[in-house]
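User: Please take the salt bridges in this model as the part to look at closely. Start from the overall fold, and then work outward from the charged pairs to what surrounds them.

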Amino acid sequence: MDWTWYLFRFDGRINRALLWQALLIVALLAALLGVIGQVIHLIDAEGALKLSLKLDFDFGLDDLFELVDPRAYRSLASLDRTNLILKAFGLSLFLWIYLATAIKRLHDRDRRGWWLVLFFFLPGLYTQFSDLLPNSYWMLPFWLVASILWLWGLVEMFIMPGSVGDNRFGPDPLAKTEDGPPPAKSWDQQTEIEFVPPSASPPGGMHVKRSA
């Protein structure tokens, strides 16, 4: 597999299994960055080793929507330089991987990548700012629309199979596995017979004399 294309490029198609695998890769990378961040802080300012280790794997894509929420700037400002760099690097990396794999998965469903605006960004923005909306029954339609879009995107990208055969975005990623291996070449009896000389008579028209 071309991992550079799989995780970072936006062209082509991938199936459901590869999208689930991409989420697993993001989770493992988030755990790794969390460990790295905590190991760096094992040594305090005086150079003494700390005895406790608290793991924090908070590198979710939900943090993306905090970038457009001024209320979240205070929590980001409270982070030290190491955590801020790791968080910015992790968020950028994970967002790129998610967009690259999700768009290719939408291509597999014969949909353009702009559908992520409905399936991901609009529900995420609603969740981020829902506490600012008035607590009224008038807000129920907005909650319902956001929930339907999120659920629709979940089913569309993670559950539904891709379009069968080639589409406008590329060949079917499951075509090789569905068709199976090429059939074994059968024995061609006629070809084998052609190796046998057509005549078994002596060359040059020689005649064998029979003794009396």
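Analyst: The secondary structure of the protein chain consists of eight helices and zero strands, where helices (H or I, at least four residues) and strands (E, at least two) are DSSP runs numbered from the N terminus. In sequence order the pattern is α-α-α-α-α-α-α-α. The model is predicted, so local features need pLDDT of at least 70 and side-chain atom pairs count only at pLDDT 80 or more, while totals for chains, interfaces and linings use all residues. Residues are numbered from 1 along each chain as its sequence is written, and side-chain values use heavy atoms, with hydrogens and water left out.

Some totals set the frame. Of the 212 residues in the protein chain, 28% are buried; buried means under 20% relative accessible area, exposed over 50%, and partly exposed in between (1.4 Å probe, protein chains only). A contact is a pair of heavy atoms within 4.5 Å, and among contacts with a separation of 6 or more, 71% join residues 24 or more positions apart.

Now the charged pairs. The structure has seven salt bridges, each a side-chain nitrogen of Lys or Arg within 4 Å of a carboxyl oxygen of Asp or Glu. Side chains of opposite charge can pair when their charged atoms come close.

One of the seven joins Arg13 and Asp108, with 2.8 Å from N to O. Arg13 lies in the loop between α1 and α2 (16-40) and Asp108 in helix α4 (residues 81-108), so the pair ties together parts that are 95 residues apart in sequence. Both ends count as buried: Arg13 because its relative accessible area is 5%, and Asp108 because its value is 3%. The pair is also part of something wider, since Arg13, Arg105, Asp108 and Asp172 are linked in a network of salt bridges.

Asp108 has further neighbours. Leaving aside residues within four places in sequence, Asp108 is in contact with Arg13, Ile14, Asn15, Gly162, Ser163, Asn167 and Pro173. One of these contacts, Ile14, is among the residues with the most contacts inside the largest nonpolar core.

A second pair is formed by Glu156 and Arg111, whose closest N and O atoms are 2.6 Å apart. This pair also links distant parts of the chain, with Glu156 in helix α6 (residues 140-158) and Arg111 in the loop between α4 and α5, 45 residues apart. Glu156 is buried at 4% relative accessibility. The loop between α4 and α5 also holds Asp110. Phi of Asp110 is near 65°, a positive value in a residue other than glycine, and Asp110 is partly exposed at 32% relative accessibility.

A third pair is Arg9 with Asp11, where the closest N and O atoms are 3.0 Å apart. Here both ends are partly exposed, Arg9 at 41% relative accessibility and Asp11 at 35%.

Next, the nonpolar surroundings. In soluble globular proteins, nonpolar side chains tend to be buried together. A nonpolar core is a set of buried Ala, Val, Leu, Ile, Met, Phe, Trp, Tyr and Cys residues joined through side-chain atoms within 4.5 Å. The largest one here has 27 residues, and Tyr6, Ile14, Tyr98, Leu116, Phe120 and Met157 have the most contacts inside it. Helices α1, α2, α4, α5 and α6 each supply at least two residues of this core, and α4 gives the largest share, nine residues. Helix α4 is also where Asp108 is placed.

Nonpolar side chains occur at the surface too. Leu67, Val68, Trp114, Val117, Leu118, Leu122 and Leu125 make a nonpolar surface patch of about 640 Å². Patches are made of residues with over 30% relative accessible area and no salt bridge, like charges being joined within 9 Å and nonpolar side chains (Val, Leu, Ile, Met, Phe, Trp, Tyr) within 5 Å. Val117, in helix α5 (residues 115-129), is partly exposed at 33%. Val68 sits in the loop between α2 and α3 (73-77) and touches Leu125 and Phe129, residues up to four places away in sequence not being counted.

Terms used:
Accessible areas come from the Shrake-Rupley method with a 1.4 Å probe; for residues, only the protein chains shown count as cover.
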